[in-house]
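Here is a quick tour of one model, going from its sheets to the helices and rings around them. Have the viewer open while you read.

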Amino acid sequence: MKKLVTVLALSAVALSACSSNSDNNKNTANTGAENGGKAASKITVWAWDPNFNIKAMNLAKDAYAATNKDLTVDIVENAQNDIVQKLNTGMSSGTTKGLPNIVLIEDYRAQSFLQAYPDMFYDLSSVINPKDFADYKLGPTSVDGKYYGVPFDSGVAGLYVRTDYLEKAGYTINDLQDITWDQYIDIGKKVKEATGKDWISLDPNDLGIIRMMIQSAGSWYLNEDGKTPNIANNEAMKEAFEVYKKMMDANIVKIHSDWSQFVANYNNGDAASVPTGNWFTPSITAEASQSGKWAIAPMPKLAKTPNSVHATNLGGSSWYVLNVPGKEQAAEFLKATLGSNVDLYQKLVTDVGAIGTYKPATTGEAYTAANDFFGGQKIVQDFAKWTNEIPSVNYGMHTYAIEDILVVEMQNYLNGKKIDDVLKDAQAQADSSVK
């Protein structure tokens with residue numbers, strides 16, 4: 001996943017604190033003009049990625065239109081960074097003019113918006129049943145017991161592995177069902193020795209793998225308050241850093257610097273395993289010649305951190321209704337589609353490859369189907385099971401700001417700096433930069 005810029009400037013927070021709810025509604029959204037009390041006939045949705053999020057919302061739009069002809073749903077594609085910038089600009093100015101009715105926000109960024117602009121989001125507590133969604137998605141989408149987001153896709157991770165390479169090293173996929181990261185490295189060494197292929201591809205500027213390791217232990221960059229950095233005394237992070245260095249020192253890592261190289265390293269057969277979010281499945285299956293040569297195992301867990309499990313997350317996003325005219329229609333639209341429609345979630349799997357976090361959908365036909373590319377494995381069923389095992393953490397407001405610090409300190413660690421000094425210095429930097 002490409003590293004994204006920090007969502008929030010302190011000035012934006014200050015401006016939002018000065019604006020009242022009444023100020024926010026002085027200017028109406030372009031899709032929710034005051035209709036003399038009449039229901040809005042059109043709503044606008046902002047999202048990114050035409051082949052995933054936009055495609056999913058179009059399926060929701062079609063499902064809703066089948067029984068509700070009177071509402072026009074205008075779906076507008078924006079780059080994620082553009083959405084972040086536009087939301088911050090609009091909300092910090094205290095006006096709703098030009099903002100959409102529904103917007104997709106990445107889970108790592110959600111608390112930044114919800115806490116900085118509390119009057120700008122419509123309470124969806126009566127729209128969704130929180131118990132119907134994966135537990136780990138509820139924290140990022142809620143504040144003080146109120147739910148403002150409809151949880152969408154799962155970023156549940158798995159360990160994608162080339163089974164033919166494994167076999168040459170004397171292993172099968174069964175040998176990867178309950179392993180630690182240390183065992184993962186040992187197997188990687190044997191695979192490299194037997195095949196000459198690297199075990200994993202990593203970008204030194206992207207610490208997504210650290211995120212996955214620490215969330216598997218119920219830990220994050222921040223304490224439970226979502227604001228205070230949790231680095232120097234974070235045992236899960238310390239072990240994750242140590243594992244990362246072990247990988248590098250073992251000479252089993254192929255370095256990439258962008259998404260294209262990342263995908264190519266697997267499609268070309270140059271790397272043998274990829275521990276990452278389920279959204280990587282289309283990239284693996286794009287190379288048809290490798291059909292039948294891949295399987296997906298549960299994620300490795302940290303060996304020294306007692307609470308670590310074989311389930312974790314990378315990425316994921318949720319849908320939010322802005323507190324602008326037309327909000328009731330927008331909320332009703334989400335309630336009838338992504339908030340409750342089991343059949344829609346089956347289509348999201350078959351047509352988009354999106355695994356939702358809506359529990360009632362997981363027993364549907366699309367979730368239990370065998371996948372020939374992965375040797376007949378029921379991969380969606382496995383991912384759905386692991387989704388419900390992901391530890392809940394508070395992503396808070398500063399994921400990317402802290403990660404920028406950690407990227408630099410990781411390089412210092414790889415170059416010989418002692419781990420305790422690395423984490424201590426990162427803590428000090430984070431304490432002074434995120435408040």
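A residue is called buried here when its relative accessible area is under 20%. Keep in mind that this is a predicted model.

With that cut-off in hand, start at Ala330, which sits in helix α12. Its relative accessible area is 0%, so Ala330 is buried. Setting aside residues up to four places away in sequence, Ala330 touches Ile43, Asn101, Ile102 and Val321. The C-alpha atoms of Ala330 and Ala40 are 9.0 Å apart, although 290 residues separate the two along the chain.

**The five-stranded sheet**

One open sheet has five strands, ordered β2-β1-β3-β12-β6, with mixed pairing. At its edges are β2 and β6 (149–151), each of which pairs on one side only. From neighbour to neighbour the strands turn by 25° on average, if direction is ignored. Inside the sheet, β3 and β12 run antiparallel and are joined by five bridges. Ile105 has its bridge partner in β12, namely Ser318.

Helix α3 packs on this sheet, touching β1, β2, β3 and β12, and its direction makes about 175° with that of β2. Helix α4 (residues 80–92) packs on the sheet too, where it touches β1 and β3 at about 115° to the direction of β3.

How far apart are the end C-alpha atoms of α3, and what should its 13 residues span? At 1.5 Å a residue, residues 53–65 should span 18 Å, and the end C-alpha atoms are 18 Å apart, so the two agree. The buried residues of α3 are Asn53, Ile54, Ala56, Met57, Leu59, Ala60 and Tyr64. Their cover includes strands β1 (42–47), β2 (72–77), β3 (102–106) and β12 (317–321), along with helices α12 (327–336) and α13 (342–352).

**The three-stranded sheet**

A second open sheet has three strands in the order β10-β7-β11, and its pairing is antiparallel. Both β10 (273–277) and β11 (294–297) are edge strands with a single partner strand each, so one side of each lacks a neighbour in the sheet. The twist from one strand to the next averages 25°.

Being at the edge of the sheet doesn't leave β10 out in the open: five of its five residues are buried, so the rest of the structure largely encloses it. Five bridges hold β10 to β7 in the antiparallel sense, and Leu159 stands opposite Pro275 in β10. On the other pairing, β7 (residues 157–162) and β11 are antiparallel over four bridges. There, Val161 has Ala295 in β11 as its bridge partner. Helix α14 packs on this sheet, in touch with β7 and β11, and its direction makes about 145° with that of β7.

Just past β10, Asn278 lies in the loop between β10 and α11 (281–285). Asn278 has a relative accessible area of 2%, so it counts as buried. Beyond four places in sequence, its contacts are Ser154, Gly155, Val156, Ala157, Tyr160, Gly353, Ile355 and Phe383.

**Rings and charges**

The model has 27 aromatic pairs. One of them is the stacked pair Tyr345 and Tyr358. This pair links distant parts of the chain, with Tyr345 in helix α13 and Tyr358 in the loop between α13 and α14 (379–387), 13 residues apart. Both Tyr345 and Tyr358 are buried. With their planes at 90°, the rings of Phe383 and Trp386 make an edge-to-face pair. Phe383 and Trp386 are both in helix α14, three residues or about one turn apart. Phe383 is buried at 1% relative accessibility, and Trp386 is buried at 6%.

Phe383 and Trp386 also belong to a cluster linked by ring pairs, whose members include Tyr160, Trp259, Phe262, Trp279 and Phe374. Elsewhere, charged ends sit over rings: Lys86 over Trp46, and Arg211 over Tyr108.

| Partners | Arrangement | Distance |
|---|---|---|
| Tyr345 and Tyr358 | stacked, 20° between the planes | 5.2 Å centre to centre |
| Phe383 and Trp386 | edge-to-face, planes at 90° | 5.5 Å between centres |
| Lys86 and Trp46 | charged end over the ring | 5.5 Å from the ring centre |
| Arg211 and Tyr108 | charged end over the ring | 4.6 Å from the ring centre |

Key. Residues numbered from 1 in each chain as written. Predicted model: local features only at pLDDT ≥ 70, side-chain atom pairs only at ≥ 80, totals over all residues. Heavy atoms only, no water. Helix = DSSP H or I, 4+ residues; strand = E, 2+ residues; numbered from the N terminus. Expected span 1.5 Å × (residues − 1). Buried < 20%, exposed > 50% of the residue type's maximum accessible area, 1.4 Å probe, protein only. Contact = heavy atoms within 4.5 Å. Phe/Tyr/Trp six-rings, centres within 6.5 Å; stacked < 30°, edge-to-face > 60°. Lys NZ or Arg CZ within 6 Å of the ring centre and 35° of its normal. Pairing = 2+ DSSP bridges. Axes fitted to C-alpha atoms, helices over the stretch in contact; angles between N-to-C directions.
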